[in-house]
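Thanks, everyone, for making the time. Please have a look at the model on the screen before I start.

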Amino acid sequence: MAGVAALLAAWTAPAPAQGRWFKGNTHAHSLNSDGDSPVDVLLRWYREHGYQFTFVTEHEFFTDVEPLNAIYGHGNRFIAIAGQEVSQTVADPSHPNGVRQAHVNALGTSRLVMPIGPRNRASGMTVAQTYARNDSAIRAAGGIMQVNHPNFVWSVPLQDMMHLPDSTLFEVWNGHPIVYNDGGVDSLGNVMLSTEARWDSVLSRGRLIFGVADDDSHHFKPEGAENKDLARPGRGWVMVRADTLTGPAIVTALHRGDFYSSTGITLRDVQIGPSEYRLEIASAGDRRYRTEFIGKDGRVLATSTTLRPSYRITGAEDYVRARVYDSSGRMAWTQPVRVRGRP
Ligand SMILES: [Zn+2]
Ligand SMILES: [Zn+2]
């Protein structure tokens, strides 16, 4: 019987995920919106710091990357990919500021997408309704949506994230100093969950969304290097698995969740099958690593301190994802897989 079971497993096991890993950033601003440097400086920074791509995501400004790639696109070694930030706000008298920030990024679009309402301000709508409308507008423009910094100005109620379509990207970690990834309590006493707790809440409600780490970089000038309030590049990124380094290949891989997010940990491999969830961590110096496999409601299912952590899926988890910590506080997040209950 064991032999038959092994044979069946061999027949049904999917081929291992393959492709090259490309390091990239999904959120960056230049002087074309509120960054401090020309877009050329932005692209050169990422190209010279080990990245293979960056999206250019100005507020309400569409960047034509073709002429930029003719200068800075280094063959198959670096590309800029088009996009923008859709800086949607929502009038809401129940918020202390009277307005909520419902920013999203458009990634891989071919034209500008304007937010709803005069001066980007929607009224008579919820944040969730603006997400739905902006998602449609971004898809119509050929791109995919990333929900940005839900705790920025304590803006996005958890329930407004509960109906995001499967495969939506969202920032589990944004490097800007005032977006409050860790959450907190707003001035009215409302508990605003950390981005990671929001992720588990949405996953536990049955939606499969993917967690991105990015820079939201604005400040490339060398001045003020000690200023902790500046949004500098190089803090959080994605590693995307794709066959080729092209905008469409990167966007497609992001949309199917074939990537992981990092603030400094490198994974050599991520294999997510129907019965096993397996990582391979690239060791750096004498740092030590701890991996947590996480299931419904954010519950830690298992912990590992090896460089090849793996988790055997039982079928009762609802979903499984993993996060890795190292001994200096760096992190990595891999994407969730939906687990169907087994008899
Ligand atoms: Zn924003
Ligand atoms: Zn931004």
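I will walk through the two metal sites and the residues that hold them.

This is a predicted model, in which local features need pLDDT of at least 70 and side-chain atom pairs count only at pLDDT 80 or more, while totals for chains, interfaces and linings use all residues. Residues are numbered from 1 along each chain as its sequence is written, chains are lettered from A and ligands numbered from 1 in the order in which they are written, and side-chain values use heavy atoms, with hydrogens and water left out.

Let me begin with the zinc ion (ligand 2), whose protein donors are H27 (NE2), H29 (NE2), E85 (OE) and D216 (OD), at 2.1 to 2.4 Å; donors here are N, O and S atoms within 2.8 Å of the metal (3.2 Å for Na, K and Ca), and since water is not among the atoms, sites may look incomplete. Along the chain these donors follow the spacing H-x1-H-x55-E-x130-D. H27 sits in the loop between β1 (20-25) and α2 (39-48) and D216 in the loop between β12 (210-214) and β13 (237-242), so this pair ties together parts 189 residues apart in sequence; helices (H or I, at least four residues) and strands (E, at least two) are DSSP runs, numbered from the N terminus.

Turning to the zinc ion (ligand 1), its protein donors are E85 (OE), H103 (ND1) and H149 (NE2), lying 2.0 to 2.3 Å away. E85 bridges this zinc ion and the zinc ion (ligand 2), the two being 3.7 Å apart. E85 counts as buried because its relative accessibility is 1%, and H103 likewise at 7%, where buried means under 20% relative accessible area, exposed over 50%, and partly exposed in between (1.4 Å probe, protein chains only).
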